[in-house]
Amino acid sequence: MSDALDNIFNSDPELAERAERAEANARPDVAGTFRAYEPDPNGGFPRALHKWRVTSAVPAVADAVAELLGGTPFELDTEAEDAIAVDTDTDRVEVVIDGPQSIEFDMKQWVNGKLAHHCDTRAFLSPPEDVGVPCRCPGTVAELKDRAKAERGPKPDIRINFKLAHDPHLGDFRYKSSGWSLISELPALKNALVKTGGPALVHLINERVNYTSKAGREVDYQKLTARVIKAYEQAITDTPASAVEEEEPPF
């Protein structure tokens, strides 16, 4: 800020307060999003990324992520706000998850870019006039999945919110998924977070799953593995050499 601006803001606290509020409002709620897939430019199935990609709307955040996790920030050809991407050099990252409340899960169906169905598999969560009304979704994951494949029902909308353990001041980051396989792992993750009794140090792993099915079909996809290590308060009091225990490979 120039000397003239400094003088104005120093002599006018109300103006300084308005400027501070405007700056806060301009910051996105989420500093960045961790992604395991990228859109296919030809409109096909999303393409797997075997290392984490982080997208952000804030250049300083992208620069900090690149310094922590490797990679170089670049611009995406997208109209989305988080148009700055970093293809990192790692498939795992240490994060801090505040507790089970940081994991959000509901079901959504989008039609022509508009939210057409939003529920918790029992009742609608939106729009306001429909909240609490039975949604009549089937009771099993298999049935829900079949409906979604036929575009007659919603898909999972899973969000995990966290901070980067090595630079928590960057703000809140998010992992989003519509993967069906992750649903079965959420209860164990939530229970592990409850047991820590507060913020937890967690490894988020962008794990590649690759095998040949009994029918001879090649299966290859990315799966989130979240491993709760210990309470974050305990981790920050440990010596650097013992802050995080060595893990077995995820296979």
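Lys108 is found in strand β6. The model described here is predicted, and this lysine offers a convenient entry into the surrounding sheet.

**Lys108 and strand β6**

Is Lys108 buried or exposed? With a relative accessibility of 19%, Lys108 counts as buried, because the cut-off for that class is under 20%. Beyond its neighbours within four places in sequence, Lys108 is in contact with Leu115, His117, His118, Pro154, Lys155 and Asp157.

Strand β6 spans residues 103-111 and pairs with β8 (residues 155-164) in the antiparallel sense, over six bridges. One of the bridge partners in β8 is Ile160, which is matched with Ile103. Strand β6 also runs antiparallel to β7 (residues 114-119), to which five bridges join it. Here Trp110 has Leu115 of β7 as its bridge partner. The strands β6 and β7 form a hairpin with two residues between them. In that turn, Asn112 has a positive phi of about 55°.

The pairings of β6 are set out below.

| Partner of β6 | Sense | Bridges | Bridge pair |
|---|---|---|---|
| β8 (residues 155-164) | antiparallel | six bridges | Ile103 and Ile160 |
| β7 (residues 114-119) | antiparallel | five bridges | Trp110 and Leu115 |

**Helix α5**

Helix α5 covers residues 186-196, and Leu186, Leu189 and Leu193 within it are buried. These leucines lie on the same side of α5, because they cover an arc of only 65° around the axis. In general, an α-helix has 3.6 residues a turn, so residues three or four places apart point the same way. The face of α5 turned away from the buried side carries the exposed residues Ala188, Val194 and Lys195.

Strand β6 is met again here: the buried residues of α5 pack against β5 (92-97), β6, β8, β10 (200-212) and β11 (218-231). Following α5 is Gly197, with a positive phi near 70°.

**The largest pocket**

The largest pocket holds about 2300 Å³ of space. It is lined by 47 residues, of which Tyr37, Pro46, Lys155, Ser178 and Gly179 are the closest to its centre. Lys155 is also among the contacts of Lys108.

Which elements each supply at least two residues of the lining? They are β1 (32-38), β2 (47-56), β6, α4 (141-149), β8, β9 (173-177) and β11. Strand β11 provides the largest share, seven residues. By residue class, the lining of the largest pocket divides into 20 nonpolar, ten polar and 17 charged residues.

Conventions:
Residues numbered from 1 in each chain as written. Predicted model: local features only at pLDDT ≥ 70, side-chain atom pairs only at ≥ 80, totals over all residues. Heavy atoms only, no water. Pairing = 2+ DSSP bridges. Helix = DSSP H or I, 4+ residues; strand = E, 2+ residues; numbered from the N terminus. Buried < 20%, exposed > 50% of the residue type's maximum accessible area, 1.4 Å probe, protein only. Arc of directions from axis to C-beta. Contact = heavy atoms within 4.5 Å. 1 Å grid on protein atoms, 1.4 Å probe; cavity = no way out; pocket = protein on both sides within 12 Å on 5 of 7 lines; lining within 4 Å. Points joined across faces, edges and corners; volume = space filled by probe spheres on them. Nonpolar A, V, L, I, M, F, W, Y, C, P; charged D, E, K, R; others polar.
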